[in-house]
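Q: Please take a close look at one part of this structure, the largest pocket, and set it in the context of the strands and helices described around the chain. I would like one connected account.

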Amino acid sequence: MSPPIERTALPTTMRAVLAQKAGGPEVLGTELVTSPTRVGSEVLVRVLAAGVNPVDAKTRAGVGVAAGLPGWPTILGYDFSGVVVESPYRSFGLQPGDEVFGMTAFPHQGGSYAEYVSVPALNVARKPSVLSHTEAAAVPLAALTAWGATVDVAKAHEGQRVLVHAGAGGVGHLAVQFAAYFGADVTTTASAANADWLLSLGAREVIDYTTTRFDDILDDFDVVIDCVGEAKSSTATRSIPVLRQGGLLVSLPGDGIDAIVATAEAAGRRATGYWVIPDASTLSVIARLITSGDVKIAADHVFDLEQAADAHRLVESGHVRGKVVLKISDY
């Protein structure tokens with residue numbers, strides 16, 4: 001049995017962004033709260049940056065994964081980059097001082113909009129050295145979602161025709177790259193301003209959604225990865241005829257998924273939703289692709305912790321290239 005680990009002296013309080021109740025961005029505020037205590041197999045991390053995701057904003061509004069929260073007020077945030085403060089045991093692969101990134105116990109525990117977070121050991125991986133902490137914080141939730149939909153579910157492979165909706169977004173720009181990495185022929189919808197960038201990431205064709213209805217000009221796709229959802233212009237339903245017979249629609253927002261599945265089946269196609277699964281082993285594979293230069297991360301919008309409400313407003317605008325990140329402290 002390993003000798004007990006000497007606990008690091010931590011401040012008893014920390015800065016965190018709390019949502020006092022379900023509502024608009026104005027319910028977010030920075031406060032001093034009690035610092036977390038690491039328990040059992042958890043890893044205690046000093047958080048230097050946290051990703052801001054659409055699911056954060058939806059949860060703050062009382063939907064998203066709000067049903068999994070312990071109650072209000074609550075600390076939001078599901079992905080982070082930082083430095084290990086305490087490990088479960090002395091021979092654990094990540095030790096104090098190691099730079100890491102990962103996710104909280106999604107969907108039942110947020111907490112990354114704070115200076116410290118204690119998370120399951122299986123949710124944490126070593127941070128790619130080529131990324132800053134603000135860049136790394138943009139990765140976990142978006143990359144694991146994109147990987148799950150594109151690689152695990154859609155089985156991206158050479159010769160496959162894949163359409164990615166909202167290719168310039170946090171999940172979308174990674175789905176484009178993962179599909180292209182595994183040899184798929186990738187088309188994506190985005191604004192004209194992002195076309196050259198997406199072509200550089202591996203897309204073969206970019207459809208300007210502001211001027212062209214994709215379902216008027218596209219057909220015979222094997223897979224559609226929908227990062228937009230049914231609520232916006234019926235994107236999921238409109239994607240079904242774009243698929244070949246037997247083709248697959250993966251609708252990531254998941255709104256109205258039962259009706260979408262039924263419509264797809266009636267048309268001889270397939271459809272499914274998808275929920276991200278925190279997984280350090282997959283995150284480590286993604287880290288290697290980032291380190292090798294095969295995958296690039298866009299984290300162009302960085303806010304201070306106290307600006308969390310503004311960060312949520314930007315995410316909710318729906319017009320963001322890559323990811324939005326909160327910078328919490330310096331290394």
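A: What follows takes the largest pocket and its lining, then the helices and strands, and finally the second largest pocket.

The model is a predicted one, and its largest pocket has a computed volume of about 1600 Å³. The lining of this pocket is made up of 48 residues, and those nearest the centre are Pro54, Ala166, Cys227, Val228 and Lys232. Two or more lining residues come from each of the elements α1 (54-60), α3, β10, α7 (235-239) and α10 (308-317). Among the contributors, α1 gives the most, with four residues. Sorted by class, the lining holds 23 nonpolar residues, 18 polar ones and seven that are charged.

One of the elements named in that lining, helix α3, spans residues 140-153 and bends by about 30 degrees at tryptophan 147. Because twelve of its 14 residues are buried, α3 is largely enclosed by the rest of the structure. The buried residues of α3 include Pro140, Leu141, Ala142 and Ala143, as well as Trp147 itself, the residue at which the bend is placed. Gly148, Ala149, Thr150 and Val151 are also buried in α3. Beyond the helix comes lysine 155, which has a positive phi, near 55 degrees.

Strand β10 (residues 185-190), another element of the lining, pairs in the parallel sense with β9 over four bridges. Within this pairing, valine 162 has valine 186 of β10 standing opposite. To get from β9 to β10 the chain passes through helix α4 (residues 172-181), in a β-α-β crossover that is right-handed. Strand β9 (residues 161-165) has four of its five residues buried, so the strand is largely enclosed by the rest of the structure. Strand β9 also pairs with strand β12 (residues 221-226), again in the parallel sense and over four bridges. Here histidine 165 has aspartate 226 of β12 as its bridge partner. As general background, the side chains of a regular strand alternate between the two faces of the sheet.

A separate description covers another sheet and the second pocket. This open sheet has three strands in the order β2-β1-β4, with antiparallel pairing. The strands β2 (28-34) and β4 (74-75) are its edges, each pairing on one side only. Strand β1 (residues 13-19) is joined to β4 by two bridges, and the two run antiparallel. In this pairing leucine 18 stands opposite isoleucine 75 of β4.

Isoleucine 75 appears again at the second largest pocket, where Thr74, Ile75, Gln109, Gly110 and Gly111 lie nearest the centre among 14 lining residues. This second pocket encloses about 190 Å³ of space. Both β4 and β7 (116-120) supply at least two residues of the lining, and β7 provides the largest share, three residues. The lining of the second largest pocket consists of six nonpolar and eight polar residues, with no charged ones, whereas the lining of the largest pocket includes seven charged residues.

Terms used:
Residues numbered from 1 in each chain as written. Predicted model: local features only at pLDDT ≥ 70, side-chain atom pairs only at ≥ 80, totals over all residues. Heavy atoms only, no water. Buried < 20%, exposed > 50% of the residue type's maximum accessible area, 1.4 Å probe, protein only. Pairing = 2+ DSSP bridges. Right-handed = clockwise from strand over helix to strand, strands pointing away. Bend = angle between axes of the 7 residues up to and from the residue. 1 Å grid on protein atoms, 1.4 Å probe; cavity = no way out; pocket = protein on both sides within 12 Å on 5 of 7 lines; lining within 4 Å. Points joined across faces, edges and corners; volume = space filled by probe spheres on them. Nonpolar A, V, L, I, M, F, W, Y, C, P; charged D, E, K, R; others polar.
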